[in-house]
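Student: I should like to learn how to read the overall features of a protein model. May we work through one together?

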Amino acid sequence: MKDMPKRWAYKHGAYYYRPRESERDLFDGKSWYRLGKTYSEALRTFAGIQELQVSEKLGSVIDRYEVEVLAKRSASTQNGYKVALRRLRQGMGHNPVTTITPKATYRYLDALAKAKGMSVANTDLKVLNQVMNAAVRWGIVERNPIKGSVKYYGKRDGLKKERDRYVEDWELAAWQSVATPQQRAFAAIVMLTGIRKGDCLSIMEAHITDETLTVHVSKNSRPVVFEMTKALRAAIEQARACKPAPSLYLLPNRFGRCQISPSGKSQPFDDKWRQTMRQAIEQTDLEEPFTRHDLRAKVGSDAEDERRAQELLDHTDPSITRQHYRRKKRTIRPVK
């Protein structure tokens, strides 16, 4: 038909648009997109898609998210999210926010999973959900279209099993036999409180009183106050006794400074941990290394019940505690 807009076509009783390759995300990835049976219907459909095309791009929303939301999170969270945001900006940032649909998201995730693995794809989906939630809050879109609609990769997809290392008491004792005094003090505090490595290494003397220990949780900027028990006081005194230099920190480095860098890293501490773990495997019956995070999971596993584990680990979502931190194998009593 004559006088139709550019790249339009009429065939099989309907109007079609033939999008350029750079436009196909707006048209469900199709090279021929059906607009409607009548000319007026086709015009309305095309006008709606053109409105989507001029909406705010995902890349600019990611930029705003980094400044207004991510900057308030802990240094370790920022480091992890920024890597995912770079991938999202490169792979989807050119798309208008209104075109971030389950179909487009699955296309991105499938390509990423093939190139870098399912765990990486799951991380990007988690971060993309956070960005889209922020876009809803800022009034850019009415709702997050991928929330609850795009599923994470799981074991049935071939995802590698979640870490389920449970540290037995004898294994902890074996490592402690070769660990440094400061490492033993660190482990004692973590095993009593369940706090994260970075939060433990950031404890200052000012956070300790005769009655309480206040831990400032970097992940949510919320203080958690522990009652000062006899065992906790002994662990704190153990840490004080092995300070390598005078310091305002309870577990400082050899210069008396905090072992957590401004970027959230603790390289010297981590290197020393790996060193003593190797020694324990060489010199004791320990066969498999464990991480600082495995100690936190041991606290969650050894707690008398799930509610107590959630309280110790400061989780707002009980499913996180259940899925990642209750690792101890449990026996089930038969009916009779």
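The dialogue below takes up fold, burial, charge and cysteines in turn.

Student: How many helices and strands are there in the chain?

Tutor: Please keep in mind that this is a predicted model. The chain contains 13 helices and five strands.

Student: Why is the chain described as more spread out than a compact globule?

Tutor: One compares the radius of gyration with the value from the globule rule. For 336 residues that rule gives 20 Å, whereas the chain has a radius of gyration of 27 Å, well over that value, so the chain is more spread out than a compact globule. Taken along the principal axes, its C-alpha atoms fill a box of roughly 90 × 55 × 35 Å.

Student: What share of the residues counts as buried, and what does the chain expose?

Tutor: A residue counts as buried when its relative accessible area is under 20%. On that basis, 41% of the 336 residues are buried. The chain exposes about 19,600 Å², of which carbon and sulfur atoms supply 51%.

Student: Which contacts join residues at least 24 apart?

Tutor: Among contacts between residues at least 6 apart in sequence, 55% do so.

Student: How many positive and negative side chains has the chain?

Tutor: There are 62 positive and 40 negative side chains, and the centres of the two sets lie 5 Å apart.

Student: How many disulfides are there?

Tutor: A disulfide is a covalent bond between the sulfur atoms of two cysteines. With a cut-off of 2.5 Å between sulfur atoms, the count here is zero. Cys242 is in no disulfide, as the nearest cysteine sulfur, that of Cys200, is 11 Å away. Cys258 is likewise in no disulfide, and its nearest cysteine sulfur, that of Cys200, is 11 Å away.

Methods. Residues are numbered from 1 along each chain as its sequence is written. This is a predicted model: local features need pLDDT of at least 70, side-chain atom pairs count only at pLDDT 80 or more; totals for chains, interfaces and linings use all residues. Side-chain values use heavy atoms; hydrogens and water are left out. Helices (H or I, at least four residues) and strands (E, at least two) are DSSP runs, numbered from the N terminus. The radius of gyration is taken over C-alpha atoms; the globule rule is 2.2 Å times the number of residues to the power 0.38. Buried means under 20% relative accessible area, exposed over 50%, partly exposed in between (1.4 Å probe, protein chains only). Contact means heavy atoms within 4.5 Å. Accessible areas come from the Shrake-Rupley method with a 1.4 Å probe; for residues, only the protein chains shown count as cover. Lys and Arg count as positive and Asp and Glu as negative; His and the chain ends are not counted. The place of a charge is taken as NZ of Lys, CZ of Arg, CG of Asp or CD of Glu.
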